[in-house]
Amino acid sequence: MAAALLAKVCPTVFIEIWLAAHPEKLPYEAACAYATAQQQQAWHLKMNVLAENAAGPTCSKAPDWIVDGLFGIGLTRAIEGRDAQLLEYAQQQVKQGAKILALDVPSGLNADSGHVVDSKVGKSA
């Protein structure tokens, strides 16, 4: 939804969306946001589904911003495997100047306690 709104109000900004899950597997709220973004599809809004074995997206250019919608407020477990790789990718982009905007709570933080759930994530949260 954030990307769709940005595309609508800033038609000169190129936006590239990467889904970590296939659209059919998205939770209800995420599926609604995906449908809204699809309706806004234009030259400056590109939507992609991340391949199952990919460690991170292959962007057409280095991002200026990363919108963090990977995990929501219900995260209570350690982040492992592919999810950890995606967060590592985001951290690498931050080192190159990208900024991260979390949609609700930065991925890797427990919303109830404010504690970092996974030490790798805490560096970019």
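**Reading the largest pocket and the cores**

Q: How many residues line the largest pocket, and which lie nearest its centre?
A: A pocket is an open set of points on a 1 Å grid over the protein atoms alone, where a 1.4 Å probe fits, with protein on both sides within 12 Å along at least five of seven lines; lining residues have an atom within 4 Å of a point. Here 50 residues line the largest pocket, and W18, V67, D68, G69 and L103 lie nearest its centre. Its space is about 1,900 Å³, a volume being the space filled by probe spheres set on the points.

Q: What kind of model is this?
A: It is a predicted model, where local features need pLDDT of at least 70 and side-chain atom pairs pLDDT 80 or more, while totals for chains, interfaces and linings use all residues. Residues are numbered from 1 along each chain, and side-chain values use heavy atoms, without hydrogens and water.

Q: Which element gives the most to the pocket lining?
A: Elements are DSSP runs numbered from the N terminus: helices (H or I, at least four residues) and strands (E, at least two). The chain has 4 helices and 4 strands, in the order α-β-α-β-β-α-β-α. Helix 3 gives the most to the lining, 6 residues.

Q: Which residues make up the largest nonpolar core?
A: Such a core joins buried (under 20% relative accessible area, 1.4 Å probe, protein chains only) Ala, Val, Leu, Ile, Met, Phe, Trp, Tyr and Cys residues through side-chain atoms within 4.5 Å. This one has 7 residues: I15, I17, L19, L26, Y34, A37 and M47. Strand 1 (15-19) and helix 2 (28-39) each give two or more, with strand 1 giving the most, 3 residues. A second, separate core of 5 residues includes L75, I79, A84 and L87.

Key:
Buried < 20%, exposed > 50% of the residue type's maximum accessible area, 1.4 Å probe, protein only.
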